[in-house]
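Here are some notes to go with your first look at this structure. Have it open beside you and take the points in order.

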Amino acid sequence: MQTTLSKKLNVLIIFVLLAGMVWRPAPALSAEGDSPGSSEIRKPAEAFRFDLRVLSYGIIQQSSDSSQNPGNNFLQIPRYTGNLEFRPDLALKTDSLDLMAKPRLRLEYREWEEGSREGRGDWESDLYVNEWLARWKANENLFVSYGRENLQWGPSFLFSPSNPFFPDNGRRNPYEEVPGMDFGRVIWIPDSAWTVSFIANTDEGRNDINLPGPFERAYALKMDYQGREGYGSVILTHRENSENSLGFYGGVTLSDAVLVYAEGAMIRHDYALYPRRDGSPFGASMERIHADDSTVQPAILLGSSYTFAEGGTFTGEYAYYGPGYSGAEADRYYVLRRKAAEALAYGGPISGLGRLTLWQTVNTGLRHLRRNYALLQYNRNNIEDCIDLTFRWTQNLDDWSGQLTALGSYILGNHIQLFAVGTVNGGRGDTEFGGLLDYQCMMGLQYTF
Amino acid sequence: MTKRSSKRFRKTLLWTMAVGMGLHFSCAYASLSPKQILRKADEARGNEEGVEWRIDIRSVERGRKQQRTLRVSARSFNSLAEFLAPPNVRGQKLLMLDRNMWFAKPGLSKPVPISPRQKLLGGAANGDIASTNYAGDYNIVKTSEGMVNGEKCYLFDLKASDNRATYDRILYWISMKRLVGLKAEFYTVSGKMFKTAVFEYKNSITIAGKPREFISRMVITSALIKNDVTTMNYGRVVIRKIPDSVFNLNLLTR
């Protein structure tokens, strides 16, 4: 613990020292009152930026009594959570080098009302660097960078199939930060319409998602087009010890109010777990059934949004996720999950197998459990110049479970923002959205210095 | 030549020169086509090569006062607006790549695609920051003359050339003398006026070695609620070549 903390502090110290070493007063441009064409020295305050946001929030949530988490004994989801987070963002911009770091300090209190930890509470603290970046500008058209980034792209809300690195696109709850992964990038901008990027994902960084297999390095070639009519991107990815995949996204601004977009990928899910009948005690087990074949599945998302004259925007999306379970596979999955849940109570080796199976059923390696999804969203920002509101309904069209999310924020003065994120899941225990939480409510305050 | 006839000759020559010069100046503008006049007026609110400025937006909407400070880098059809103040919105970015717009803010994982119609603050839409390209976005359907604050103007009736423009129709008053837009009325598809704007040009830039007036203020008034006023003050105007990388979505750090 001491060593880890010391390593993290070292990264911070190195960043600050490096920032001090590379900073040079850069010639900039004329300021107000200056005669045009005259120059001034860029002020240190403009080269170095420090923003600090402090978030204090509480979460109340109710775990579902489902086969995935019977009596909350497996996932042990706390009923109440209180958090205090310090989120400083440091950045230094020079003519040829950009440095950025986002160290984080989080204090959390959790209390349980159900499951094996019923009536208990505990404190946890964490100090880490969620993102950092060093970017060198070789010339106006060529940039080379390395760092820990939350590298996201694409226009969609539901999920971003074109992104081979991050299963979570961070849209569900904008107040929760997506953990960064380590990337090296070379970006070449031949002209205003085209950009070519080479991306190497060298480490999972803080995004230690519980994939069934170990982390594999991945390399992507991304080509972006930007035109008057719209934009588009093609992403070719090679993952070590795996096949290549092809992703794309694109969109068109049809009018001042209408946007249409699409995102997709042809992907192999050789590391994803599927339920297969066998002679094990539960009659089936979770296995990488596509590990040795080259089956490629499509994941396609189509979306559109319309902005009303009063300012609100309505968005609709449909997604087909090919690697998701078919009806028969889903039935097998839920039967296996129920048997594993029952085995938890027996004790002995069978309980251990049940625990392992439940760990596999919650970490299948799939972005979504089933194949057909729809999203409807209404969003309106700057109501009375101080309120942002979003209502989002996500529907699983295969098992008919759904999720309603409401996001709201209220600006109170120049520094304080109140926010709330509420999620209600609908569906039986043996459905995708009904399996983990009945509801979750997050309320808090953000102070920006 | 007698002394008298010589004097008459000089007088005639001077008159001829003066009238000739006057004719030349008036012809200089008169020879411009309506599209060229519109393009000249656009130049006072943007630049093909690149321009940077700060906008201080103050809005009063239903009695509520709000303020934002933005740094805008614009070139041709593209612009990047970075919110500098107040602290609550600092770090937010609005990237406009022609009519394609993206909004990013600290904490948001990825930029969100948004439409030009979405509200920026008060009566200002996102498209107002970058709406410097009336010559490209609108067709001139009618020209006439008008007056704004005692200044003779060309009055252009502009109709959106395609449905990507921020407004369906604009009535635009351009000063005959200065070739800058002084006033605009914005209309919806149904033909209803929903806001007006007046422009001031107290900034100065140098283009090809010549000083040129540049926008310093845009005041937007709601046609429905007269007390809802949004004032955009433009300062720290700098003409400079802005590289493509400034408008690149891959480099839009959060």
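**Notes for a first look**

1. Start with the hairpin of strand 9 and strand 10 of chain B: 2 residues sit between the strands, and B:Asn149 has a positive phi near 50 degrees there. The two strands run antiparallel and are joined by 10 bridges. If you want one pair to find on screen, try B:Thr143, whose bridge partner in strand 10 of chain B is B:Phe156.

2. Keep in mind that this is a predicted model. Its scores are ipTM 0.80 and pTM 0.82. For chain B the mean pLDDT is 82, with 82% of the residues at 70 or more. One stretch to treat with care is residues 16–28 of chain B, where the pLDDT is below 50 and the model shows 0 contacts beyond near neighbours in sequence. Where pLDDT is low, the coordinates should not be read in detail.

3. Which residues of helix 2 of chain B are buried? They are B:Leu38, B:Ala41 and B:Asp42, in a helix that covers residues 34–43. These residues lie on the same side of helix 2 of chain B, because they span an arc of only 105 degrees around the axis. Among the elements of chain B covering them are helix 4 (134–137), strand 9 (138–148) and strand 10 (151–160), so the hairpin strands from point 1 turn up again here. Strand 11 (169–175) and strand 12 (181–187) of chain B are also part of that cover.

4. Now the nonpolar cores. In general, nonpolar side chains of soluble globular proteins tend to be buried together. The largest core here has 51 residues, and B:Ile55, B:Leu95, B:Tyr134, B:Ile170, B:Tyr172, B:Ile174 and B:Val237 have the most contacts inside it. Strand 17 of chain B (residues 229–239) gives the most to this core, namely 5 residues. There is also a second, separate core of 15 residues, which includes A:Ala262, A:Ala265, A:Ile267 and A:Tyr321.

5. B:Leu95 is worth a closer look. What does B:Leu95 contact, leaving aside neighbours within four places in sequence? The list is B:Leu80, B:Met101, B:Trp102, B:Pro111, B:Phe247, B:Leu249 and B:Leu252.

6. Next, where the chains meet: 55 residues of chain A are in contact with 50 residues of chain B. On the chain A side, several strands each supply at least two residues, including strand 9 (194–203), strand 10 (218–226), strand 11 (230–239) and strand 12 (244–253). Strand 13 (258–267), strand 16 (297–307) and strand 18 (372–383) of chain A do so as well. That side of chain A divides into 20 nonpolar, 24 polar and 11 charged residues.

7. Last, some backbone details to check. Most residues other than glycine have a negative phi, and most peptide bonds are trans. A:Gln76 has a positive phi near 50 degrees and is found in the loop between strand 3 (48–63) and strand 4 (80–93) of chain A. A:Asn382, in strand 18 of chain A, has a positive phi of about 60 degrees. Is A:Asn382 buried or partly exposed? With 18 C-beta neighbours inside 10 Å, A:Asn382 counts as partly exposed. In chain B, a cis peptide bond with omega about 0 degrees joins B:Ala85 and B:Pro86. B:Pro86 is found in the loop between strand 3 (78–85) and strand 4 (93–97) of chain B.

Notes
Residues numbered from 1 in each chain as written. Chains lettered and ligands numbered in written order. Predicted model: local features only at pLDDT ≥ 70, side-chain atom pairs only at ≥ 80, totals over all residues. Buried ≥ 20, exposed ≤ 12 C-beta atoms within 10 Å, placed from the backbone. Helix = DSSP H or I, 4+ residues; strand = E, 2+ residues; numbered from the N terminus. Arc of directions from axis to C-beta. Contact = placed C-beta atoms within 7 Å. Pairing = 2+ DSSP bridges. Nonpolar A, V, L, I, M, F, W, Y, C, P; charged D, E, K, R; others polar. Core = buried A, V, L, I, M, F, W, Y, C linked by C-beta atoms within 7 Å. pLDDT = per-residue confidence, 0-100.
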